[in-house]
Amino acid sequence: MPEKLVLTEDEALELLSFLVMAARTMVGEPNEYAPLRLLTAAGRLSDFIVERVTPETRVLLSGPLKQIPQTATRMADADGYAKQLDAVCAAVAQHLVRHFGLERGIR
Amino acid sequence: MSSNPVLEAIRTRRVVRALTDEPVGRAQLEDILKAGRWAPSGGNRRLHRYVAVHDPLTLRLLRMVSPGMLQKPQAIVLICIDWQRVGAYGLSSTSTGLYVDVGTAAQTMLLAAHSLGLASGIVTSFPKAGVRAVLNLPAQLSPELFVCLGHAAPGGPAPMRTWGKITWQSLVDWERFPGTPSAAPEPAQAESERL
Ligand SMILES: Cc1cc2nc3c(=O)[nH]c(=O)nc-3n(C[C@H](O)[C@H](O)[C@H](O)COP(=O)(O)O)c2cc1C
């Protein structure tokens, strides 16, 4: 598969800024905000790239990655939240296996 | 629906995190700022300054430095503490009143926005250094809280869920607590804070 760029410099800078700023705010914020911030970053990255990625990746971005509401934290339901995250992690990892051709033994 | 419009406005105001790209008019923004002027303020000292922003690029950069800003606001009022005035007044920098005043101003402006048919939200999750650099804030102003403004869009993130059902009764105790007095130490409070 040919390599192609899916982020503009403006988009990359926005994301970089978000991550750096979140590192600072998380020093003083409740721990439960940490996953929320990372998921917000993932959501923004996903919104930036969704129109430029392969159809298969688009399915991942518009399906499993959208499952967790942007305001969800573990406070209301810690077990349910962890399960939701597990499902998204599994979906991302399964997509990696297919995208990088691991099941076909491609290295 | 309550027949009391103030109570109804308090009850129906919600933080809105999905906004359209319709701009907020200058007149509406000014009405919200005027309402902020009438917020209660400890000792009527007015040690806060508001920075109003509706330039689209500045708004975009403020969002880039504010991880807690899920919405894309069309206008922002930033509530700042003016530390020069705090010092000139001789108030302790740990005075809780300074932060209470941030809250009273914020809620007053949120309700004003709601009454004008605008959607609003609070954001405090931002590093002050980032906001300071974007707005070129003078050293004596510390950025404390954004009141984000715009027009509500359909959809958007669900409200933040709490740890259980909250009713007004679950938040309230009545009169004096029974039992033996607790030995919990009172947090230190500066003389100047008692108002
Ligand atoms: C001090 C304070 C800081 C807040 N910071 C943020 C924030 O950074 N981002 C955000 O989306 N909401 C923020 N909020 C909004 C709260 O999440 C919101 O008020 C709460 O979930 C209750 O929702 P409601 O106001 O719609 O009833 C903040 C609220 C307060 C009072």
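In the predicted model, a polar side-chain atom of R17(B) is placed 2.8 Å from an oxygen atom of the ligand. A comparable arrangement is found for R14(B), where a polar side-chain atom and an oxygen atom of the ligand are 2.9 Å apart. On the backbone side, a polar atom of G68(B) lies 2.9 Å from a nitrogen atom of the ligand. Taken on its own, the ligand has 620 Å² of accessible area, of which the protein covers 63%.

The surroundings of the ligand are drawn from several parts of the chain B sequence. R13(B), R14(B), V15(B) and R17(B) are among the surrounding residues, as is G68(B). The shell also includes I122(B), V123(B), T124(B) and S125(B), together with M160(B). By residue class, this shell divides into four nonpolar, three polar and three charged residues. The site occupied by the ligand is the second largest pocket.

Chain B contains six helices and four strands. Read from the N terminus, its elements follow the order α-α-β-α-β-α-α-β-α-β. The chain B sequence comprises 195 residues, and 38% of them count as buried. The C-alpha trace of chain B extends over about 55 × 45 × 30 Å along its principal axes.

Two residues of chain B that are not glycine were found with positive phi values. For N44(B), phi is near 55 degrees, and this residue is other than glycine. N44(B) belongs to the loop that links helix 2 (26–37) to strand 1 (48–53) of chain B. Its relative accessibility is 54%, and N44(B) therefore counts as exposed, the cut-off being over 50%. For E175(B), which is likewise not a glycine, phi is positive at about 55 degrees. E175(B) is located in the segment after strand 4 (141–150) of chain B. With a relative accessibility of 68%, E175(B) also exceeds the cut-off of 50% and so counts as exposed.

A further loop position in chain B is T20(B), which lies between helix 1 (5–12) and helix 2. The relative accessibility of T20(B) is 27%, so this residue counts as partly exposed, a class that runs between the 20% limit for buried and the 50% limit for exposed residues. T20(B) and A152(B) are 132 residues apart along the chain, yet their C-alpha atoms are separated by 6.2 Å. The loop between helix 1 and helix 2, in which T20(B) is placed, is thus brought within this C-alpha distance of A152(B) at the position of T20(B).

Chain A was described in the same terms. It has four helices and zero strands, and its elements run α-α-α-α from the N terminus on. Of the 107 residues in chain A, 33% count as buried. Along the principal axes, the C-alpha atoms of chain A fill a box of roughly 45 × 35 × 25 Å.

Terms used
Residues are numbered from 1 along each chain as its sequence is written. Chains are lettered from A and ligands numbered from 1 in the order in which they are written. This is a predicted model: local features need pLDDT of at least 70, side-chain atom pairs count only at pLDDT 80 or more; totals for chains, interfaces and linings use all residues. Side-chain values use heavy atoms; hydrogens and water are left out. A residue is near a molecule or strand if one of its heavy atoms lies within 4 Å of it. A polar contact is a pair of N or O atoms within 3.5 Å; within protein, one must be able to donate a hydrogen and the other to accept it, and residues adjacent in sequence count only if both atoms are side-chain atoms. Accessible areas come from the Shrake-Rupley method with a 1.4 Å probe; for residues, only the protein chains shown count as cover. On a 1 Å grid over the protein atoms alone, a cavity is a set of points where a 1.4 Å probe fits but cannot get out, and a pocket is an open set with protein on both sides within 12 Å along at least five of seven lines; lining residues have an atom within 4 Å of a point. A molecule sits in a cavity or pocket if more than half of its atoms lie within 2 Å of its grid points. Ala, Val, Leu, Ile, Met, Phe, Trp, Tyr, Cys and Pro count as nonpolar, Asp, Glu, Lys and Arg as charged, and the others, Gly among them, as polar. Buried means under 20% relative accessible area, exposed over 50%, partly exposed in between (1.4 Å probe, protein chains only).
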